[in-house]
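Here's a walk through one model, written for someone who would rather see the contacts and angles than the marketing. Have the structure open while you read.

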Amino acid sequence: ILRSKIWANLGHNNFSLQHLLKDQGYDLNFIVSGDHANFSGLKSSYGKNSDFDYYLDGAITNKFSDPNDDRILLEGLEDIPHYDKTPSYFHFHLMSVHNLGVRLNKFKMYKPAGKTAFDAENYINRYDNGVLQADNYLKKIFRSLSEKGYLQNSIVVITGDHGEALGEKEKFGHARSIYTDQILTPILIY
């Protein structure tokens, strides 16, 4: 998404959105749940450490033991100072809807929704509960950015990991086919 290239064609020094923004004076802030530092060199596609003004992912969180916990996003936002008239780019990556994502019980509206049991209703309910949780984190992210004064002069990009099959074509999950429901990446640009 950030380099307009497919995974196989990514290179460390290829042109990227974040390099363009850095050249234009933007601060670069990546606050992502999931282990982007170690998973297939994904962090390098965001840039070099010297490119970031702030970076936090699940591999380096100080508060949470599971790298796929979206509360990491709120931890990162605590470290972001109030707006200082420097335009900023924020990239958030949520894992709430991913099967690996940590799900909090307070978002377990649809039942049954166990992590280990597999049947269509359970799988879909667990996914839908993850969507409810992700929506809650989106509210908190935008509330924090607003309170700190960033929403007037910043770019905010929020991504999820990938799509998920929920019974379409009698498939569940992801990474077993290349149907659209599995390969499209959720993205919100503000």
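What follows goes from the sheet to the helices around it, then to charges, surface and backbone oddities.

## The sheet

One thing to keep in mind from the start: this is a predicted model. Its open sheet has five strands in the order 2-1-3-4-7, and the pairing is mixed. Strand 2 and strand 7 sit at the edges with a single partner strand each, so one side of each has no neighbour in the sheet. On average, neighbouring strands are turned by 10° against each other, if you ignore direction.

Going through the pairs, strand 1 and strand 3 run parallel and are joined by six bridges. In that pairing, Asp27 stands opposite Ser88 of strand 3. Strand 3 is also parallel to strand 4, again with six bridges. Strand 4 and strand 7 break the pattern: they pair in the antiparallel sense, over three bridges. As a reminder, strands of a sheet pair through backbone hydrogen bonds, either parallel or antiparallel.

Which residue is worth clicking on in strand 4? Try Val157: His91 stands opposite it, and its bridge partner in strand 7 is Ile189. Strand 4 covers residues 154–159, and five of its six residues are buried, so the rest of the structure largely encloses this strand.

## Helices against the sheet

Helix 4 packs on the sheet and touches strand 3, strand 4 and strand 7. The direction of helix 4 makes about 165° with that of strand 4.

Helix 3 spans residues 71–79, and its buried residues are Ile72, Leu73, Glu75, Gly76 and Leu77. What covers them? The cover includes strand 1 (27–32), strand 2 (54–57), strand 3 (88–93) and helix 4 (120–147).

Leu77 makes a handy close-up. This helix 3 residue has 3% relative accessibility, so it counts as buried. Setting aside neighbours within four places in sequence, Leu77 is in contact with Ile31, Phe92, Ile141, Ser144, Leu145 and Lys148. The Lys148 contact spans some sequence: Leu77 and Lys148 are 71 residues apart along the chain, while their C-alpha atoms are 9.6 Å apart in space.

## Salt bridges

How many salt bridges does a search of the whole structure find? It finds three, and here they are with the distance between the closest N and O atoms:

| Basic residue | Acidic residue | Closest N and O atoms |
|---|---|---|
| Lys22 | Asp53 | 2.7 Å |
| Lys63 | Glu78 | 2.6 Å |
| Arg71 | Asp69 | 2.6 Å |

The Lys22 and Asp53 pair links distant parts of the chain, 31 residues apart: Lys22 is in helix 1 (residues 17–23), and Asp53 is in the loop between helix 2 (42–46) and strand 2. Lys22 is partly exposed at 29% relative accessibility, and Asp53 is partly exposed at 38%.

Glu78 belongs to helix 3 and Lys63 to the loop between strand 2 and helix 3, so this pair ties together parts that are 15 residues apart in sequence. With a relative accessible area of 54%, Glu78 is exposed.

For the Arg71 and Asp69 pair, Arg71 is partly exposed at 30%, whereas Asp69 is buried at 3%.

## Surface and backbone oddities

On the surface, Phe15, Leu17 and Leu20 form a nonpolar patch, with about 280 Å² of accessible area together. Phe15 is in the segment before helix 1 and is exposed, with a relative accessible area of 59%.

Now the backbone. Most residues other than glycine have a negative phi, and most peptide bonds are trans. With that in mind, have a look at these spots.

The peptide bond from Lys111 to Pro112 is cis, with omega near 0°. Pro112 is found in the loop between strand 3 and helix 4.

Lys85 has a positive phi, near 75°, and is not a glycine. Its place is the loop between helix 3 and strand 3, and Lys85 is exposed, with a relative accessible area of 71%.

Lys169 also has a positive phi, about 55°, without being a glycine. Lys169 lies in the loop between strand 5 (165–166) and strand 6 (172–173), and at 57% relative accessibility it counts as exposed.

Definitions and conventions: Residues are numbered from 1 along each chain as its sequence is written. This is a predicted model: local features need pLDDT of at least 70, side-chain atom pairs count only at pLDDT 80 or more; totals for chains, interfaces and linings use all residues. Side-chain values use heavy atoms; hydrogens and water are left out. Buried means under 20% relative accessible area, exposed over 50%, partly exposed in between (1.4 Å probe, protein chains only). Helices (H or I, at least four residues) and strands (E, at least two) are DSSP runs, numbered from the N terminus. Contact means heavy atoms within 4.5 Å. Two strands pair if DSSP finds at least two bridges between them. Axes are lines fitted to C-alpha atoms, for helices over the stretch in contact, and angles run from 0 to 180 degrees between N-to-C directions. A salt bridge is a side-chain nitrogen of Lys or Arg within 4 Å of a carboxyl oxygen of Asp or Glu. Patches are made of residues with over 30% relative accessible area and no salt bridge: like charges are joined within 9 Å, nonpolar side chains (Val, Leu, Ile, Met, Phe, Trp, Tyr) within 5 Å. Accessible areas come from the Shrake-Rupley method with a 1.4 Å probe; for residues, only the protein chains shown count as cover.
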